[in-house]
Amino acid sequence: MTAEPIERDRDAAAEDAAGEWAGELEFAVTVGRAAGELLMDHYERLERIDYKSAKDVVTEADHLSERLILDAVRERFPADAILAEESGAHARHDGSTATAPKGRTWVVDPLDGTVNYANGIPYFCVSVALVADGTPVVGVIVDPARDELFAAAAGAPATLDGAPIAASDKDRIEDFVISLALGGRRAVSRARAVRKRIRVSRSMGAAALSLAYVGNGRFDAFVQSRGLSAWDVAAAGLIAERGGGRVTNLEGGPWFDLAKPNQSLGVLAVPPAHHAELLELVR
């Protein structure tokens, strides 16, 4: 049997498990893969890189990927709102805003890890999520460099390429490999306290992909105290959660808030048995 039928069988199994959100999950998988292919078509062949800020860039691939996803959403779900990294908020057909507490919003990061991408570092992803009444219910993360697809839907297990995944089951925090990014007051001392307790920390430059890795235990935990936006966490946080991780903000409260300003979110994702301990360390 060829790889393509196996992949289709796995996708079908994942969609069946998604239940109520199966159609939306199938759509997110399809459009996420198409955006990932577009990114690889332009990878290491960029013609233009613009500077959004002193430390952030945007490429023509960001814009092309976002346009592909937005066009697909508008065609398939014309009544839904969209919140996208590059073009911002697009209201619903009824005029309500993308961040309104009721209704459906597609939350899109067409290329998370643009600095990596622009420098030829193969650690970046596409993130596509559906938020319903303020809660992420579908999430897809596509890593086109590794040809991997993480997916989850509310009430269903998280998957990697259609196969169920699970968060780390390590007994000791001393064995943890953590994606760690702390800022604010006492950031250096807090980071030092965490590093003393774990095996090693990493900062990979694509928060959505690193957060999704908690869902299958590649990272035992993810910690970022601030600087995240809805499109960084909507899909990946759902994947980490449906993989069995406990996902919260850095105060131990809800991890997702569609109405929060951009770059104001912080997230902690960790196996439940170690949540309290790690939360105390990072606070």
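Which side chain of opposite charge is nearest to Glu66, and how far away is it? The nearest such side chain is Arg74, at 7.7 Å, and Glu66 is buried without a salt bridge. The model is predicted. This briefing covers Glu66, Arg104 and the second largest pocket, which has a volume of about 190 Å³.

**Glu66**
- Glu66 lies in helix 3, which spans residues 60–76.
- Although Glu66 is buried, no salt bridge is formed by this residue.
- Beyond residues up to four places away in sequence, Glu66 touches Ala84, Glu85, Glu86, Ser87 and Pro110.

**Arg104**
- Arg104 belongs to strand 5, made up of residues 104–112.
- The relative accessible area of Arg104 is 21%, so this residue is classed as partly exposed rather than buried, a term kept for values under 20%.
- When neighbours within four places in sequence are set aside, Arg104 is in contact with Trp21, Glu24, Phe77, Asp80, Ala81, Arg92, Leu130, Val131 and Ala132.
- Arg104 and Val137 are separated by 33 residues in sequence, and their C-alpha atoms are 9.9 Å apart in space.

**Second largest pocket**
- The volume of the second largest pocket is about 190 Å³.
- Its lining consists of Ser225, Asn249, Leu250, Glu251, Pro254, Trp255, Phe256, Asp257, Lys260, Ser264, Leu265 and Gly266.
- By residue class, the lining of the second largest pocket comprises 5 nonpolar, 4 polar and 3 charged residues.

Terms used
Residues numbered from 1 in each chain as written. Predicted model: local features only at pLDDT ≥ 70, side-chain atom pairs only at ≥ 80, totals over all residues. Heavy atoms only, no water. Helix = DSSP H or I, 4+ residues; strand = E, 2+ residues; numbered from the N terminus. Buried < 20%, exposed > 50% of the residue type's maximum accessible area, 1.4 Å probe, protein only. Lys, Arg positive; Asp, Glu negative; His and termini not counted. Salt bridge = Lys/Arg side-chain N within 4 Å of Asp/Glu carboxyl O. Contact = heavy atoms within 4.5 Å. 1 Å grid on protein atoms, 1.4 Å probe; cavity = no way out; pocket = protein on both sides within 12 Å on 5 of 7 lines; lining within 4 Å. Points joined across faces, edges and corners; volume = space filled by probe spheres on them. Nonpolar A, V, L, I, M, F, W, Y, C, P; charged D, E, K, R; others polar.
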